[in-house]
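Me: Please take a close look at one helix in this model. I would like to know how it sits against its surroundings.

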Amino acid sequence: MATAQLAEVVDPTLVLLTVEEAARRLRIGRTLCYQLIRSGELESIDIGRLRRVPADAPAAYLARRRAAKRAA
């Protein structure tokens, strides 16, 4: 498998994602992902000194954005 393809493999057993993994799923940059977390648009939790994003949070964020666009 090529490196680009390896990055696309999604482990369905993951419960929490790193911020970088969440950004990759949303196809956005890491900095923008942190901005979404800070603003509360993208759910995240602290585990000790780590920041993790629930695996279903990127899809929930996208669903809210799509619903808002349809309502506009």
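What follows is a close reading of one helix and its partners.

Reply: A caution comes before the details: this is a predicted model.

The helix is H3, residues 30-39. Its buried residues are Cys33, Leu36 and Ile37. These three span an arc of only 100° around the axis, which puts them on the same side of H3. Thr31 and Arg38 are exposed, on the face turned away from that buried side. Just past the end of H3, Gly40 adopts a positive phi of about 90°.

What covers the buried side? Helix H2 (19-26), strand E3 (50-54) and helix H4 (57-71) are among the elements that do. Ile37 shows some of this in detail. Beyond its neighbours within four places in sequence, Ile37 contacts Val19, Leu42, Ser44, Arg51 and Val53.

Cys33, Leu36 and Ile37 also belong to the largest nonpolar core, which has twelve residues. The other members are Leu17, Val19, Ala22, Ala23, Leu26, Leu42, Val53, Ala57 and Tyr61. H2, H3 and H4 each contribute at least two residues. H2 gives the most, with four. In soluble globular proteins, nonpolar side chains tend to be buried together.

Val53 deserves its own look. This residue lies in strand E3. Its relative accessibility is 0%, so Val53 counts as buried. Setting aside residues up to four places away in sequence, Val53 touches Ile37 of H3. Its other contacts are Val15, Leu16, Leu17, Val19, Ala22, Leu42, Glu43, Ser44 and Pro58. One of these, Leu16, is 37 residues away in sequence, yet the C-alpha atoms of Val53 and Leu16 are 5.5 Å apart.

Charged side chains come next. Side chains of opposite charge can pair when their charged atoms come close. The structure holds two salt bridges. One joins Arg30 to Glu20, at 3.9 Å from N to O. Arg30 sits in H3 and Glu20 in H2, so this pair ties together parts that are ten residues apart in sequence. Arg30 is partly exposed, at 45% relative accessible area. Glu20 is partly exposed too, at 33%.

The other salt bridge links Asp46 and Arg51, with 3.1 Å between the closest N and O atoms. Asp46 is exposed, with a relative accessible area of 53%. Arg51 is partly exposed, at 30%. Arg51 is also among the contacts of Ile37.

To sum up, H3 has a buried side formed by Cys33, Leu36 and Ile37, and Arg30 makes a salt bridge to Glu20.

How values were computed:
Residues are numbered from 1 along each chain as its sequence is written. This is a predicted model: local features need pLDDT of at least 70, side-chain atom pairs count only at pLDDT 80 or more; totals for chains, interfaces and linings use all residues. Side-chain values use heavy atoms; hydrogens and water are left out. Buried means under 20% relative accessible area, exposed over 50%, partly exposed in between (1.4 Å probe, protein chains only). The arc is that of the directions from the helix axis to the C-beta atoms. Contact means heavy atoms within 4.5 Å. A nonpolar core is a set of buried Ala, Val, Leu, Ile, Met, Phe, Trp, Tyr and Cys residues joined through side-chain atoms within 4.5 Å. A salt bridge is a side-chain nitrogen of Lys or Arg within 4 Å of a carboxyl oxygen of Asp or Glu.
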